Amino acid sequence: MIERGALRACVCTALLVFAAAPAMALPSYAAVRARWHSSETLLLSREGEVLQRVRTDPRVRRGEWVALADVSPALRSAMLLSEDKRFYEHSGVDWQAATAAAWANLWNERTRGASTITMQLAGLIDEPGGADLRQRPGGRSVVQKIGQVAAAEVLDRRWRKAQILEAYLNLVPFRGELVGIDALSRTLFDKAPQGLDEREAAIAAALVRAPNASSAQVARRACGVLREMQAAGHSGAAPAGTDCDALALLASGALARRAFAASEGIAPHFARRALAALPTGSPPPARLTTTLRAPLQRFAVQTLSQQLRELSGRNVRDGSIVVLDNASGEVLAWVGSSGELSQAGEVDAVLARRQPGSTLKPFLYAQALQERRLTAASLIDDSPAHIATAGGLYIPQNYDLRFKGWVSARTALASSLNVPAVRTLAMVSPDAFFQELQALGLELRESGGFYGLSLALGSSEVTLLQLANAYRALANAGRWSAVASPLARAKPQPVKWTRAIDPGAAFIVGDILSDPNARARTFGLDSVLATRFWSAVKTGTSKDMRDNWALGWSERYTVGVWVGNAAGGAMHDVSGSSGAAPMWAAVMGYLHAHEASRAPSPPKGVVQAAVRFGPDAVAGNPLEAARSEWFLKGTEQPIFAIESEAASAYASSARSQKESKNSSSALVSTLRIAEPASGAVVALDPDIPPAYQRLRFVAAGAAPGAPLRWRLDGKLVGRRPVHAWLPWPGRHQLQLEDAGGRVLDEVRFEVRGAGVGVSAPSVP
């Protein structure tokens, strides 16, 4: 029989020859702890709350370093019973177990290995990245084994036992790509290491010895570990209470969970942006603090989900929300998609290009104001206009039975009237407006000449982030700066401002967009856009109801919201006040639940003056009520009116337009269809509440009370000279008949856009 002392002497002699120098170079506990890095990055809010977990190392899955105190007692017991029963008794090498193993090998008997936890740890920290030599083909060489013994002796002298066990649990490979107890417990059992019970601990211990074994083999070994725990009194269950069948089911289910999601949390899209902002070549940190506010982010996510569920019957699946700090440009909330509600949840809608609709109008009017082409009280003609586009004639409609006629710029912008916006762009020119949008950070893909007059109605494509930051420039008196880095800074970073809009023009546009009376003609006084604190807001909807927006600002914050479909499908009956606006109002209300928002002070060069408006051309009533209005100094005047000659000319021109018809039509009477024009393409305005949109059928030359009939697509729909029809998309044939049913005139026209009502009812 080989004596223990003789064996130890032989081994020690060999150690001096083969492994003394490498053993002395072992790192300290602090060094091992410092070089550990998780394969996950935790995205934190500015308050330190975890918002998102993102996998950043695809080679291996490591969790966070877990302190020994945060490991469940059951797991510690299972590991010691399975791997090293005399851990607290030996000095790194269990010579008693080594002697037994040598004797068993001599007699060719199977026995438990003599490798201690300390010896295993020495091998793990000696390899780059903590590689496990036990999984190499052929195992360790004799020299390596001798070196491991020497290293274990040194390690035991330099480290405390608690440090050795803690490092081992964090560095030991378990199964597949899983390294460390945090990754194992969260992947297989969906819980933190401190929550593992004795059965789960037994499975974890079994995996150390047989990481690639089948679930049945793991279950058998785990059952043996559990019995040892019960026999040693480390488990609350009686020794006879071991249920290996139940343990087998648990092991089978746990091992079937190969991995957990690569990204989990409430800010997945912003997490990608934050990681992209890290210096190139530097490894992602385990924790990354960002500018997001955790409570605000959660509220924005919940608000988007709730609103989209309410709109689910209207073919709306996607949406996004972004909140910016006006002063710093920091992102406070970023919701890139509707998550599970979306069919394209990975698409970041905050950065996706979409048509902005009417949300570009504030910048257009600001440019016209600063160029002194308009004032907020200037009158613009809101009358029927045929605007040529690539898709045909564009005939915008307003909310009531007729156009407004002459309206002030304040009313035109706040009520989102389209014809005045197009007339304003004609004054400014598309190319000049294009340059203004570029100065505001809106990266349009084509030139102003490409878009033409349709640029006033948002025919370009922009991102929600760019658009929200442009509105932030309005909030900052026309000064623009880039959106700040997503990473939180220890010290406030200086903001680099550029002048994009005249401060006076920005102030006046903000005053208009905060005026509930000015928007009442379209949205009503009880609109969802009205807040209890000062705010300015504009909605917009792109053609065919594909995109719906709400953007606005308060004293401290700018909020942008988009809803629609990532695939580009049209929404059903969703207007500016029913889609994005409720979410904008909810987020703004949350931000100012305990925080005031005051109206900005007028900048230098802005004056306030009383104004009156002249009479309209028909009833003689004032075009708008007298009020106090803001002006750029030098542009103020007390009265805004249309001269009588101009008014008469305007009325005559309107009558001529109504009475002009195709000279080739075969007519048998003086009655004619004045509206709509033959061949017209009527585009419904998605920014106007659908219930208020009408298309007028007007008979020219009809005396009051004259008998006539309107027949649409073969159905009788009206009997008066002027009939208001709730439009419906499609191609239509309109006929004007006399009392005897004889056709006097006929036109064909087309309605484009989402339907706003049911087809016209027949008139008995």
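Q: At roughly what angle do the axes of helix α14 and helix α23 cross?
A: This is a predicted model, so the values here are computed from its atoms. Helix α14 covers residues 294-310 and helix α23 covers residues 581-591. Their axes come within 10 Å, and the crossing angle is roughly 155°.

Q: Are α14 and α23 roughly parallel or roughly antiparallel to each other?
A: Let's start from the crossing angle of roughly 155°. Angles over 145 degrees count as roughly antiparallel. The two helices, α14 and α23, are therefore roughly antiparallel.

Q: Is the crossing of α14 and α23 left-handed or right-handed?
A: Here the question is how α14 passes α23. The crossing is right-handed.

Q: How many nonpolar residues are in the contact of α14 with α23?
A: From α14 come Pro295, Leu296, Phe299, Thr303, Leu304 and Gln307, and these meet Pro582, Met583, Ala586, Val587, Tyr590 and Leu591 of α23. Divided by class, the contact has no charged residues and two polar ones. The nonpolar residues number 10.

Q: How many of the 10 residues of helix α15 are buried?
A: Helix α15 spans residues 361-370. Its buried residues are Lys361, Pro362, Phe363, Leu364, Tyr365, Ala366, Gln367, Ala368 and Leu369. The helix is largely enclosed by the rest of the structure, because the number buried is nine of the 10.

Q: Are α15 and α18 roughly parallel or roughly perpendicular to each other?
A: Helix α18 takes in residues 430-439, and its axis is 10 Å from that of α15. The packing angle is about 110°, and angles of 65 to 115 degrees count as roughly perpendicular. That makes α15 and α18 roughly perpendicular.

Q: How many charged residues does the contact of α15 with α18 have?
A: On the α15 side, the contact is made by Phe363, Leu364, Gln367 and Gln370. Ala432, Phe433, Glu436 and Leu437 make it on the α18 side. Sorted by class, there are five nonpolar residues, two polar ones, and of the charged kind, one.

Q: Which residue follows α15 and has a positive phi?
A: This residue lies in the loop between α15 and β9 (379-382). With a relative accessible area of 48%, it is partly exposed. It is not a glycine, although its phi is positive at about 60°. The residue is Arg372.

Q: Which helix gives the most residues to the largest nonpolar core?
A: The largest nonpolar core has 77 residues. Those with the most contacts inside it are Val322, Phe363, Phe433, Leu442, Leu467 and Ile501. The helix that gives the most to this core spans residues 464-475 and supplies eight residues: it is α20.

Q: How many residues are in the second, separate core?
A: Beside the largest core there is a second, separate one. Among its members are Leu80, Leu169, Ile181 and Ala205. The second core has 61 residues.

Q: Is Pro420 buried or exposed?
A: Pro420 sits in helix α17 (residues 418-428). Setting aside neighbours within four places in sequence, Pro420 is in contact with Tyr365, Ile380, Asp381, Asp382, Val407 and Ala412. Its relative accessibility is 0%, and under 20% means buried. Pro420 therefore counts as buried.

Q: How far apart in space are Pro420 and Asp382, C-alpha to C-alpha?
A: Along the sequence, Pro420 and Asp382 are 38 residues apart. In space, their C-alpha to C-alpha distance is 5.7 Å.

Q: Is Ala69 buried or exposed?
A: Ala69 is found in the loop between β3 (61-62) and α4 (73-83). Its relative accessibility is 69%, and exposed means over 50%. Ala69 therefore counts as exposed.

Q: Where does Asp573 lie?
A: Asp573 is not a glycine, yet its phi is positive at about 55°. At 34% relative accessibility, Asp573 counts as partly exposed. Its place is in the loop between β17 (557-564) and α23.

Q: Which two residues does a cis peptide bond join?
A: The omega of this bond is about 0°. One partner, Pro676, is in the loop between β21 (672-675) and β22 (681-683). The bond joins Glu675 and Pro676.

Methods. Residues numbered from 1 in each chain as written. Predicted model: local features only at pLDDT ≥ 70, side-chain atom pairs only at ≥ 80, totals over all residues. Heavy atoms only, no water. Axes fitted to C-alpha atoms, helices over the stretch in contact; angles between N-to-C directions. Helix = DSSP H or I, 4+ residues; strand = E, 2+ residues; numbered from the N terminus. Parallel < 35°, antiparallel > 145°, perpendicular 65-115°, else oblique. Left-handed = near helix turned anticlockwise from the far one by under 90°. Contact = heavy atoms within 4.5 Å. Nonpolar A, V, L, I, M, F, W, Y, C, P; charged D, E, K, R; others polar. Buried < 20%, exposed > 50% of the residue type's maximum accessible area, 1.4 Å probe, protein only. Core = buried A, V, L, I, M, F, W, Y, C linked by side-chain atoms within 4.5 Å.
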